[in-house]
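Morning, everyone. Let me put the model up, and then I'll walk you through it.

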Amino acid sequence: MTDSERGQTMAQAETGQGDAGRRDGGAGTWRSGIRRAIRVGSRLGPWKRGLVLAALALLLGLLMLWHAQIPNQILNLGSLVETFLPWFGLFIPVSLIGALWRRSASAVVALLLPVTVWLHLFGGLLGDKSHADHELRVASHNVGADNPDPVGTARDLAAYGADVLALQELTEQTRGTYERELAKAYPYHTVRGTVGVWSKLPLSDTQPIDIQMDYGPLAETIPVDVKTGYTRALRTTVATDHGPLAVYVAHLGSVRVNPRAGFWTDSRDRGAQALGEAVAAEQNERVVLLGDLNGSMDDRAFAGLTSQLRSVQVVAGDGFGFSWPAGFPVVRIDQILVRGVEPEGSWVLPATSSDHLPVAAGISW
């Protein structure tokens, strides 16, 4: 190798080392910058740390506080939030863990808002308000059209011993099974379409309730006998020792969640309005409404009902009383509402072969 070649090689080596040094220096600067940022963040006072967490906590509290202001015009978002409103409380312990990890006093203080709002909305449901004494026991169950064991379901319900039992989602194939299995426990019963009432006390004045499952200009063209076949609400009178009790049974339209329509509740909302109008026209002061209403009573769609009737779960229940889905209940859509009688207790019964849990209540005069 000539002297000239050796010089070029040495120059290239020096150049490469210089580039490597610059690269190492750049990476070192980046790492040192991160370390400085961490040190600066750790030196911030407890009131300046976790400001993002504090802002999120305040937003959570305001969301729960002003849930009624969330518009339904956008994908029915308001009703969707209200359906699962109790579960927003789960964000509180998660936020608290984050605030403690960041040692952020501002985030901890901000959490006082969602905690206060949640307790105001749902704190009353945390204790057991039921009483042992009651004069009449009622129960309601969506038995499920696809129930694989209607015989077992009927026997479980009979064993519970309610004085008045309301069933929803009866089919032509299973109706006879329930009539046969419940006959011994309940000498009186009435069925209209897919809903029915079984009672230990005499029944009278049974009539279907139109909850507007058929809607639009073609609804009037459907024959009455066809409509009767899939009636989903009825009203009957139960003869008690304290006088007549008006009992309504309803299975409102289903709801759907999809990307285009959002939280679709049109059929259910029409039914809730029609049912509210029927209750408003009821002459009997004593009313019990049982059924699968496909919604939480926090949902604004039921304002026409909740303004007239009281939820037995709210007044005399133990906990939230979630009833659906049976495998892991997350919402109470099976309801018992009353007027003119005193709720004494409210319970969710053990699971049957349905995808809903049965619900029951004790009432007195």
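Start with the contacts. Take those between residues at least 6 apart in sequence: 71% of them join residues at least 24 apart. Contact here means heavy atoms within 4.5 Å.

Some ground rules. This is a predicted model, where local features need pLDDT of at least 70, side-chain atom pairs count only at pLDDT 80 or more, and totals for chains, interfaces and linings use all residues. Residues are numbered from 1 along each chain as its sequence is written, and side-chain values use heavy atoms, with hydrogens and water left out.

Now the inventory. The protein has twelve helices and 14 strands. These are DSSP runs, numbered from the N terminus: helices are H or I with at least four residues, strands are E with at least two. Of the 365 residues, 43% are buried. Buried means under 20% relative accessible area, exposed means over 50%, and partly exposed is in between, using a 1.4 Å probe and protein chains only. The exposed surface comes to about 18800 Å², with carbon and sulfur atoms supplying 60% of it. Those areas are from the Shrake-Rupley method with a 1.4 Å probe; for residues, only the protein chains shown count as cover.

On to the sheets. One open sheet has six strands, in the order 5-6-7-10-12-11, with mixed pairing. Two strands pair if DSSP finds at least two bridges between them. Strand 5 (203–208) and strand 11 (310–311) are at the edges with a single partner strand each, so one side of each has no neighbour in the sheet.

Look at strand 12, residues 334–339. Which strands pair with strand 12 in the antiparallel sense? Strand 10, residues 287–292, does so over six bridges. Strand 11 does so over two bridges. Some register points: Gly291 has Gln335 as its bridge partner. Val288 stands opposite Val338. Ser311 stands opposite Leu337.

Is strand 12 largely enclosed or largely open? Five of its six residues are buried, so strand 12 is largely enclosed by the rest of the structure. Arg339 is also in strand 12. Its relative accessibility is 21%, so Arg339 counts as partly exposed. Setting aside neighbours within four places in sequence, Arg339 is in contact with Val279, Glu282, Asn284, Glu285, Arg286, Val287, Gln308 and Leu309. Take Leu309: it is 30 residues from Arg339 in sequence, but 5.2 Å away in space, C-alpha to C-alpha.

Helix 10, residues 266–280, lies across strand 7 (243–251), strand 10 and strand 12. It runs at about 170 degrees to strand 7. On the angle convention: axes are lines fitted to C-alpha atoms, for helices over the stretch in contact, and angles run from 0 to 180 degrees between N-to-C directions.

Next, another open sheet. Six strands again, in the order 3-4-2-1-14-13, and the pairing is mixed. Strand 3 (188–192) and strand 13 (342–348) are the edge strands, each pairing on one side only. From one strand to the next, the twist averages 15 degrees. Strand 1, residues 136–142, pairs with strand 14, residues 359–364, in the antiparallel sense over five bridges. Within that pair, Arg137 stands opposite Gly362. Helix 7 packs on this sheet, touching strand 1, strand 2 (164–168), strand 13 and strand 14. The direction of helix 7 makes about 165 degrees with that of strand 1.

Helix 7 has a helix partner too. Helix 7 (150–160) and helix 8 (172–182) pack at about 35 degrees, their axes 9 Å apart. The contact uses Pro150, Val151, Thr153, Ala154, Arg155 and Ala158 of helix 7, and Thr174, Thr177, Tyr178, Glu181 and Leu182 of helix 8. By type, that contact has six nonpolar, three polar and two charged residues. Nonpolar covers Ala, Val, Leu, Ile, Met, Phe, Trp, Tyr, Cys and Pro; charged is Asp, Glu, Lys and Arg; the others, Gly among them, are polar.

Two single residues to finish. Glu82 sits in helix 3, residues 77–83. Glu82 is buried, with a relative accessible area of 1%. Not counting residues up to four places away in sequence, Glu82 touches His67, Ala68, Ser296, Asp298, Asp299 and Arg300. Ile97 lies in helix 4, residues 91–102. At 59% relative accessibility, Ile97 counts as exposed.
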